[in-house]
Amino acid sequence: MTKSYELLDSGDLSKLEIVGGYKLLRSSPTSAYGKATPEIWNDLHAQYVKNDSGAGHWNFQKKVPESFTIEFSNLTFKIKLTPFGHIGLFPEQETNWDRIREIGKKKQGLEVLNLFAYSGGSTLACLDAGMSVCHVDASKGMVDWARENAKLSGLDSKPVRWIVDDVMKFIRREIKRGKKYQGLILDPPSFGRGSKGEVWKIEENLSELMDALMELSDSKPEFVILSCHSQGFSPLTLERILSSRIKTKGVYQTSELFIPEKSGKKYPAGFCTFFSK
């Protein structure tokens, strides 16, 4: 497995990473604990500083390219240091990408809907596993980024639809068209806006979204990956959200998402439940 990402340490509301050879320090509200190896928190290339409005900026101590590529999980990702602190890679999802590949070994040609799909890691994993994907995100810039990642990974000729739209509006149209999907992937934000300013609040909109997704899969999907980073939506909550709607037998794997650190400790990175027949 190829990697050019490593989480060195976390603590004091920050995390220290090596990304493509560049040492980056980013804010991290989940790491409200002490650093495991404080002696390595120096000689940075760049540090992300967040402000009260939710945005922020990067302070550069050394030169970092505007964008560069890395190999991770046998895929190629374009990395950019964005004004919101994201870099275009979510390593905590690698376990789910491995699960997708395992499903692909058993069942070829599944049609998958990937919502809030961002820079496309799960889309790439599905394409790599022989599935066809409908990739939906409200941001044109993020969909363009995901398309570039597909090309970099040699997957741009695979069956994929790239959709820039509000998630709920798109799903309602798919229901009217009678479209069906066998795989469902979603990592909804706590709050967001659609392509035309539509407001998304997870505590108000997730139930409606899940009911609509069951219509698209006849409540009998082959697999579902539901992950999030919102307070109040624990792994057990996510499992019950799925198990109360899916009308077929299968296996639920429910856990916290994490990224392994160089010290051997685990960095908390959200929650997930994975269903498969």
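In this predicted model, the axes of helix α4 (residues 167-176) and helix α5 (residues 202-217) come within 10 Å and cross at roughly 30°. Angles under 35 degrees count as roughly parallel, and α4 and α5 are therefore roughly parallel to each other. Two open sheets are described below, one of 7 strands and one of 5 strands, along with a second helix pair, α1 and α2, and an aromatic pair, Tyr-5 and Phe-72.

**Helix pair α4 and α5**

- The crossing of α4 and α5 is left-handed.
- On the α4 side, the contact is made by Val-167, Met-168, Ile-171, Arg-172, Glu-174 and Ile-175.
- On the α5 side, Glu-208, Leu-209, Ala-212, Leu-213, Glu-215 and Leu-216 take part.
- By class, the residues of the contact between α4 and α5 comprise 8 nonpolar and 4 charged, with no polar ones.

**Helix pair α1 and α2**

- Helix α2 (residues 121-128) packs against α1 at an angle of about 20°, and the two axes lie 8 Å apart.
- With the limit for roughly parallel set at under 35 degrees, α1 and α2 are therefore also described as roughly parallel to each other.
- The crossing in which α1 passes α2 is right-handed.
- From α1, the residues Trp-97, Ile-100 and Arg-101 meet Gly-121, Ser-122, Ala-125, Cys-126 and Asp-128 of α2.
- The contact of α1 with α2 contains 4 nonpolar, 2 polar and 2 charged residues.

**Sheet of 7 strands**

- The strand order in this open sheet is β10-β9-β8-β11-β14-β16-β15, and the pairing is mixed.
- At the edges are β10 (160-164) and β15 (251-260), each of which pairs on one side only.
- From one strand to the next, the twist averages 15°.
- Strand β9 (residues 132-137) and β10 run parallel and are joined by 5 bridges.
- Within this pairing, Val-136 has Ile-163 in β10 as its bridge partner.
- Helix α1 (residues 94-106) packs on the sheet, where it touches β11 (183-186), β14 (223-228), β15 and β16 (266-276).
- The direction of α1 makes about 25° with that of β16.
- Helix α3 (residues 140-152) also packs on the sheet, touching β9 and β10, and its direction makes about 160° with that of β10.

**Hairpin of β15 and β16**

- The edge strand β15 pairs with β16 in the antiparallel sense over 9 bridges.
- Tyr-252 has Phe-275 in β16 as its bridge partner.
- β15 and β16 form a hairpin, with 5 residues between the two strands.
- Gly-264, in the turn of this hairpin, has a positive phi of about 100°.

**Sheet of 5 strands**

- The second open sheet has the order β1-β2-β3-β4-β5, again with mixed pairing.
- Its edge strands are β1 and β5 (56-60), and each pairs on one side only.
- The twist in this sheet averages 20° from one strand to the next.
- Strand β2 (residues 14-19) and strand β3 (residues 22-27) run antiparallel, with 6 bridges joining them.
- Across this pairing, Ile-18 stands opposite Lys-23 in β3.

**Aromatic pairs**

- A search of the whole structure finds 8 aromatic pairs.
- One of them joins Tyr-5 and Phe-72: the ring centres are 6.2 Å apart and the planes stand at 85°, so the pair is edge-to-face.
- Tyr-5 belongs to strand β1 (residues 5-11) and Phe-72 to strand β6 (residues 67-72), so this pair ties together parts that are 67 residues apart in sequence.

Definitions and conventions
Residues are numbered from 1 along each chain as its sequence is written. This is a predicted model: local features need pLDDT of at least 70, side-chain atom pairs count only at pLDDT 80 or more; totals for chains, interfaces and linings use all residues. Side-chain values use heavy atoms; hydrogens and water are left out. Two strands pair if DSSP finds at least two bridges between them. Helices (H or I, at least four residues) and strands (E, at least two) are DSSP runs, numbered from the N terminus. Axes are lines fitted to C-alpha atoms, for helices over the stretch in contact, and angles run from 0 to 180 degrees between N-to-C directions. Contact means heavy atoms within 4.5 Å. Angles under 35 degrees count as roughly parallel, over 145 as roughly antiparallel, 65 to 115 as roughly perpendicular and the rest as oblique. A crossing is left-handed if the near helix is turned anticlockwise from the far one by less than a right angle, and right-handed if clockwise. Ala, Val, Leu, Ile, Met, Phe, Trp, Tyr, Cys and Pro count as nonpolar, Asp, Glu, Lys and Arg as charged, and the others, Gly among them, as polar. Rings of Phe, Tyr and Trp (its six-membered ring) pair if their centres lie within 6.5 Å; planes under 30 degrees apart count as stacked, over 60 as edge-to-face and the rest as tilted.
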